[in-house]
Amino acid sequence: KQWYQRRVRGTRGLSEAKCKLATSILNYGGRAVRGGQLFGEQTAVAMTKKYFKGLQGVENIYTQHKPYLIELVQQMVQGKMREADFPWLGGAPIVRVNEIIVFVVGGITFEEIKAVQEWNISNPANKIVLASTGVHNCKSFLEVVGQ
């Protein structure tokens, strides 16, 4: 990490605080702390094919992004949650659910709120209630990560 900070600061003229923030972001969400398979168990070639296939006929690629939260909700509704990633207590797990309460400790984003709202509209048979300890924008998220 130190070599990274020296390299970035030396070549880009960034302050010490910005270099530490980059390290904090890697510590917060880097490979070492992520659970589960963020992109599924796919090879790089399979991910690239899936990506380019999804781009056909799309004017704005940025509107295609769906928060990981929606993927988790889909898995829960279909009864495909991985117990290794999301363990439960007591009795047999519920295989399929129609009502889900999601509470995120640490904060959610406006994008996640919008995605859940769209999910509720397009899937009237399933109801998702989203709650959190706060709502983040870019500035507030970076402040929390930088602490």
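In which element is the place of I70? The place of I70 is in helix α4, and the legends below treat this residue together with other parts of the predicted model.

**Figure 1. Overview of the protein chain in the predicted model.** The protein chain has six helices and four strands. Read from the N terminus, the elements follow the order α-α-α-α-β-β-α-β-β-α. Of the 147 residues in the chain, 18% are buried. The accessible surface amounts to about 11600 Å², and carbon and sulfur atoms account for 57% of that surface. When contacts between residues at least 6 apart in sequence are considered, 60% of them join residues at least 24 apart.

**Figure 2. Close-up of I70 in helix α4.** I70 has a relative accessible area of 7%. Because buried means under 20% relative accessible area, I70 is classed as buried. Leaving aside residues up to four places away in sequence, I70 touches A115, V116 and W119. The C-alpha atoms of I70 and A115 are 7.0 Å apart in space, although the two residues are 45 residues apart in sequence.

**Figure 3. Packing of helix α4 against helix α5.** Helix α4 comprises residues 68–77, and helix α5 comprises residues 110–122. Their axes lie 10 Å apart and form an angle of about 35°. On the side of α4, the residues in contact are L69, I70, V73, Q74 and V77. On the side of α5, they are E112, A115, V116 and W119. Sorted by class, this contact contains seven nonpolar residues, one polar residue and one charged residue.

**Figure 4. The salt bridge between E118 and K114.** How many salt bridges does the structure hold? The structure holds one salt bridge. The side chains of E118 and K114 meet there, with a distance of 2.4 Å from N to O. Both residues belong to helix α5. Because E118 and K114 are four residues apart in this helix, about one helical turn separates them. E118 is partly exposed, with a relative accessible area of 41%. K114 also counts as partly exposed, at 48% relative accessibility.

**Figure 5. Crossing of helix α2 and helix α6.** Helix α2 spans residues 16–29, and helix α6 spans residues 138–146. The two axes come within 9 Å and cross at roughly 85°. The helices are therefore roughly perpendicular to each other, since angles of 65 to 115 degrees fall in that category. Which residues of α2 and α6 meet? L21, S24, I25 and Y28 in α2 meet F141, L142, V145 and G146 in α6. By class, the contact of α2 with α6 includes six nonpolar residues and two polar residues, with no charged residues.

**Figure 6. Close-up of S132 in strand β3.** Strand β3 covers residues 127–132. Is S132 buried or partly exposed? S132 is partly exposed, with a relative accessible area of 22%. Its contacts, not counting residues up to four places away in sequence, are with F103, V104, G107 and I108. The C-alpha atoms of S132 and V102 are separated by 8.1 Å, and these two residues stand 30 residues apart along the chain.

**Figure 7. Close-up of E99 in strand β1.** Strand β1 covers residues 99–104. At 66% relative accessibility, E99 counts as exposed, because the class of exposed residues begins over 50%. The C-alpha atoms of E99 and K127 are separated by 4.8 Å. Along the chain, E99 and K127 are 28 residues apart.

Key:
Residues are numbered from 1 along each chain as its sequence is written. This is a predicted model: local features need pLDDT of at least 70, side-chain atom pairs count only at pLDDT 80 or more; totals for chains, interfaces and linings use all residues. Side-chain values use heavy atoms; hydrogens and water are left out. Axes are lines fitted to C-alpha atoms, for helices over the stretch in contact, and angles run from 0 to 180 degrees between N-to-C directions. Helices (H or I, at least four residues) and strands (E, at least two) are DSSP runs, numbered from the N terminus. Angles under 35 degrees count as roughly parallel, over 145 as roughly antiparallel, 65 to 115 as roughly perpendicular and the rest as oblique. Contact means heavy atoms within 4.5 Å. Ala, Val, Leu, Ile, Met, Phe, Trp, Tyr, Cys and Pro count as nonpolar, Asp, Glu, Lys and Arg as charged, and the others, Gly among them, as polar. A salt bridge is a side-chain nitrogen of Lys or Arg within 4 Å of a carboxyl oxygen of Asp or Glu. Buried means under 20% relative accessible area, exposed over 50%, partly exposed in between (1.4 Å probe, protein chains only). Accessible areas come from the Shrake-Rupley method with a 1.4 Å probe; for residues, only the protein chains shown count as cover.
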